[in-house]
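Here's one to walk through together. Take a look at the model first, and then we'll go over it piece by piece.

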Amino acid sequence: MNERGFTLVEILVALVAGGLLLGSISWVIAGLSDDLKATEQWDQDLQISTTANLLDDILTDARFSDASSRPLSRSRRKLEFQMQAPLSIGRQGYVEAQLVVERGTKGENLKLLLPGQELPEAILLSDMKDIELRYDFNANEDGSPAFLKKIEIAIRDQSGSEPQTLSIRPRVNAVGACIFDLISQRCRT
């Protein structure tokens, strides 16, 4: 008799082979997922490191007061200041600038804006879970904020790890204030 069908042994062998194939595929996918997470973390760390260097260059010599020595606006989401004009503007001196924290589609972004200039906004940090601007300042006799001693940017990335803090100590806090140049041993404004 020639009956059509599979034997129990053939079915068991096919199930074992299929299970091994599915197991190896899931193992490869899990490995790719771990690699992707590590790459995303590396990208975020690089983004934060680059932003730290850039903000240190910009904010160290920035001014945080207007011509009458009143502090410029600052909050957890926005910092107004005056920075050295970028070379792309084609002028010298200080220009108005803002650091702004905005909500995006995938998270919060930190942007550098130069209002009144013909330059696009620069996104310094993107797709972070949380970004907060913090300030440490000396107070005037009446308790109002005076000179900024330190600017901190607290960043929590999407992975939920411990927040990182970028800390910048400005050297100039008012119009006409002096920056001591260690190389020339002179005071420059």
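Before we start, one working definition: a patch here is built from residues with over 30% relative accessible area and no salt bridge, and nonpolar side chains are joined into one when they lie within 5 Å. Keep in mind, too, that this is a predicted model.

With that in hand, go to the nonpolar surface patch formed by Phe6, Leu8, Ile11, Leu12 and Leu15, which covers about 590 Å². Leu8 is a handy member to pick out, since it belongs to helix α1. Is Leu8 buried or exposed? Its relative accessible area is 63%, and the cut-off for exposed is over 50%, so Leu8 counts as exposed.

Now follow the helix itself. α1 takes in residues 8–60, which is 53 residues, and at 1.5 Å a residue that should give a span of 78 Å. The end C-alpha atoms sit 77 Å apart, so the model agrees with the expected value. Which residues of α1 are buried? They are Gln44, Ile48, Thr51, Leu55, Ile58, Leu59 and Thr60. It helps to recall that an α-helix has 3.6 residues a turn, so residues three or four places apart point the same way.

Finally, zoom out to the whole chain. There's 1 helix, plus 9 strands, and from the N terminus the order is α-β-β-β-β-β-β-β-β-β. Of the 189 residues, 30% are buried. The accessible surface adds up to about 12500 Å², with 55% of that belonging to carbon and sulfur atoms. As for contacts between residues at least 6 apart in sequence, 40% join residues at least 24 apart.

Definitions and conventions: Residues numbered from 1 in each chain as written. Predicted model: local features only at pLDDT ≥ 70, side-chain atom pairs only at ≥ 80, totals over all residues. Heavy atoms only, no water. Helix = DSSP H or I, 4+ residues; strand = E, 2+ residues; numbered from the N terminus. Expected span 1.5 Å × (residues − 1). Buried < 20%, exposed > 50% of the residue type's maximum accessible area, 1.4 Å probe, protein only. Patch = residues over 30% accessible without salt bridge, like charges linked within 9 Å, V, L, I, M, F, W, Y side chains within 5 Å. Areas by Shrake-Rupley, 256 points an atom, 1.4 Å probe, with all protein chains shown as cover. Salt bridge = Lys/Arg side-chain N within 4 Å of Asp/Glu carboxyl O. Contact = heavy atoms within 4.5 Å.
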